[in-house]
Amino acid sequence: MRAAVQHETGRDKLEVLDDVEAVGFGPGRVRIRIRATGLCHSDLSAMSGVLPQPAPFVPGHEGAGEVLDVGDGVTGLKAGDRVLMCWLPACGSCPSCKRGQTHLCLAGFMNAGTPNFKRPGGDVFGFAGTGTFAEEVVVAANCAVPIPDDVPYEIAALIGCGVTTGLGAAFNTAQVEAGSSVAVIGCGGVGISVIQGARACGAAQIVAVDPVAARREAALRFGATEAVAPEELADAKGRITAGEGFDYVFEVVGKSVTARTAYEATRRGGTLCVVGAGAMDDTFQVNMFELFFDEKRILPSLYGGADVLRSYERAIALWRAGRIDLEGLITHRVRLDGINDALDQMRSGAALRTCIEI
């Protein structure tokens, strides 16, 4: 079958090959024919080495498709079912799951160390234990979440990561209050989803911050009340909050420098929500006096900060009701052969989300 492979960490191009085989099918596993997958910035981060991932690997973790076969012991799924991929499934039995913090379950991360594919030259891993830049993938049954018939594959794929992450940061982690002021630093697909979540929560002012003009324009279409370049944030803070700072600031870049900017834009007693996935050697610093004196809440948000299955259902309900726009997030569409063009579009900021039709 065909798949896009990252041969070694640090390369900026993928190679589309036709000699890749999905492996690991057996009890408790399902084989899925991928129909659509989104390109998420985390895929770029894995390719560059910002996020740890064994190589060679097939990137992609934001996918949807059709179940081809189910292994022994699998219940609730059958061949022909339409599903989205959950790259962070809950095992149901670890301490995090028992506490109700299923999004902190480590079972899914453990999958990343087991090869999902093979080629004549050896094993190939799947990013985050999935690897959706491929025609087929074999995963644990709890990675395959059934979707209603009215949800297109490309919409389901987005819900599998970026939309759930962004909406959840606003709904679950920060719990944005109606009438509040919000700033969102970084307005790619996840940042736009944060903006839509803040709007759904009833925020009065939502300031989108991004260096790319096209993304600022897009943010206004998705609910931002104002969009500024990074160098204009201080002025917006002064005008909108009388210099006090925003009630909620979301960092959706994954860098310490933007996290520090976000901290400084947050009012005393306000909330800084860190959504971006950064590198292990990039350290965010606050001094002990300001930490104590300003009483700003610093809240990391992993995959939306709550039970992902409930978050999927909420995203679908809001989409059906017209409260959030998911079709508009897809600015580009390519086939698998065009994957490297899609990577360049994301790096340049030209794309919010690219749908890769497999």
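**Figure 1. L68, a residue of strand β6.** A residue is buried when its relative accessible area is under 20%, exposed when the area is over 50%, and partly exposed in between. L68 has a relative accessible area of 34%, so L68 is partly exposed. This view, like the others, comes from a predicted model. L68 touches R31, I32, R33, A79 and E136, leaving aside residues up to four places away in sequence. A234 makes a useful distance marker. From L68 to A234 the chain runs 166 residues, and the two C-alpha atoms lie 53 Å apart.

**Figure 2. D81, in the loop between β6 and β7.** The loop joins β6, residues 62–70, to β7, residues 82–85. D81 is buried, because its relative accessible area is 14% and the limit for that class is 20%. The side chain of D81 reaches out to a backbone atom. That atom is the nitrogen of K78, at 2.9 Å. D81 also touches G65, E66, V67 and G76, with residues up to four places away in sequence left out.

**Figure 3. T132, a buried residue in a loop.** The loop lies between β9 (122–126) and β10 (136–140). T132 has a relative accessible area of 0%, so T132 counts as buried. Which side chain makes a polar contact of 2.7 Å with the side chain of T132? The partner is T37. T37 is also among the residues that T132 touches, not counting residues up to four places away in sequence. That list further includes I34, P59, G60, H61, E62, G63, M85 and I358. V58 shows how the fold brings distant parts of the sequence into one view. T132 and V58 are 74 residues apart in sequence, and their C-alpha atoms are 7.3 Å apart in space.

**Figure 4. The largest cavity, with T37 in its lining.** The structure holds 1 cavity of 30 Å³ or more. About 30 Å³ of space lies in the largest cavity. Its lining is made of T37, G38, E154, A157, L158, I330, R353, T354 and C355. Three elements give two or more residues each: β4 (29–38), α4 (153–159) and β19 (353–357). What kinds of residue line the largest cavity? They are 4 nonpolar, 3 polar and 2 charged. T37 appears here and also in the polar contact with T132.

**Figure 5. The second largest pocket, with helix α11 in its lining.** This pocket holds about 260 Å³ of space. Its lining has 17 residues. N142, V145, V308, L309 and Y312 lie nearest the centre. Two elements give two or more residues to the lining: β11 (144–146) and α11 (308–320). Which of the elements gives the largest share? Helix α11 does, with 5 residues. By residue type, the lining divides into 13 nonpolar, 2 polar and 2 charged.

**Figure 6. An aromatic pair in helix α10: F289 and F293.** A pair of aromatic rings is described by the distance of the centres and the angle of the planes. Here the centres are 5.2 Å apart and the planes are 15° apart, and the pair is stacked. The count for the structure is 4 aromatic pairs. Both residues sit in α10, which spans residues 288–294. They are 4 residues apart, about one turn of the helix. How accessible is each one? F289 has a relative accessible area of 54%, so F289 is exposed. F293 is at 41%, so F293 is partly exposed.

**Figure 7. Backbone details in three loops.** The peptide bond joining A55 and P56 is cis, with omega about 0°. P56 lies in the loop between α1 (41–48) and β5 (57–58). A242 has a phi near 55°, a positive value in a residue other than glycine. A242 belongs to the loop between α8 (233–241) and β15 (246–251). With a relative accessible area of 71%, A242 is exposed. E295 has a positive phi too, near 50°, and is likewise a residue other than glycine. The loop that holds E295 runs between α10 and β17 (297–300). E295 has a relative accessible area of 60%, so E295 is exposed.

Key
Residues are numbered from 1 along each chain as its sequence is written. This is a predicted model: local features need pLDDT of at least 70, side-chain atom pairs count only at pLDDT 80 or more; totals for chains, interfaces and linings use all residues. Side-chain values use heavy atoms; hydrogens and water are left out. On a 1 Å grid over the protein atoms alone, a cavity is a set of points where a 1.4 Å probe fits but cannot get out, and a pocket is an open set with protein on both sides within 12 Å along at least five of seven lines; lining residues have an atom within 4 Å of a point. Grid points are joined across faces, edges and corners, and a volume is the space filled by probe spheres set on the points. Ala, Val, Leu, Ile, Met, Phe, Trp, Tyr, Cys and Pro count as nonpolar, Asp, Glu, Lys and Arg as charged, and the others, Gly among them, as polar. Buried means under 20% relative accessible area, exposed over 50%, partly exposed in between (1.4 Å probe, protein chains only). A polar contact is a pair of N or O atoms within 3.5 Å; within protein, one must be able to donate a hydrogen and the other to accept it, and residues adjacent in sequence count only if both atoms are side-chain atoms. Contact means heavy atoms within 4.5 Å. Rings of Phe, Tyr and Trp (its six-membered ring) pair if their centres lie within 6.5 Å; planes under 30 degrees apart count as stacked, over 60 as edge-to-face and the rest as tilted.
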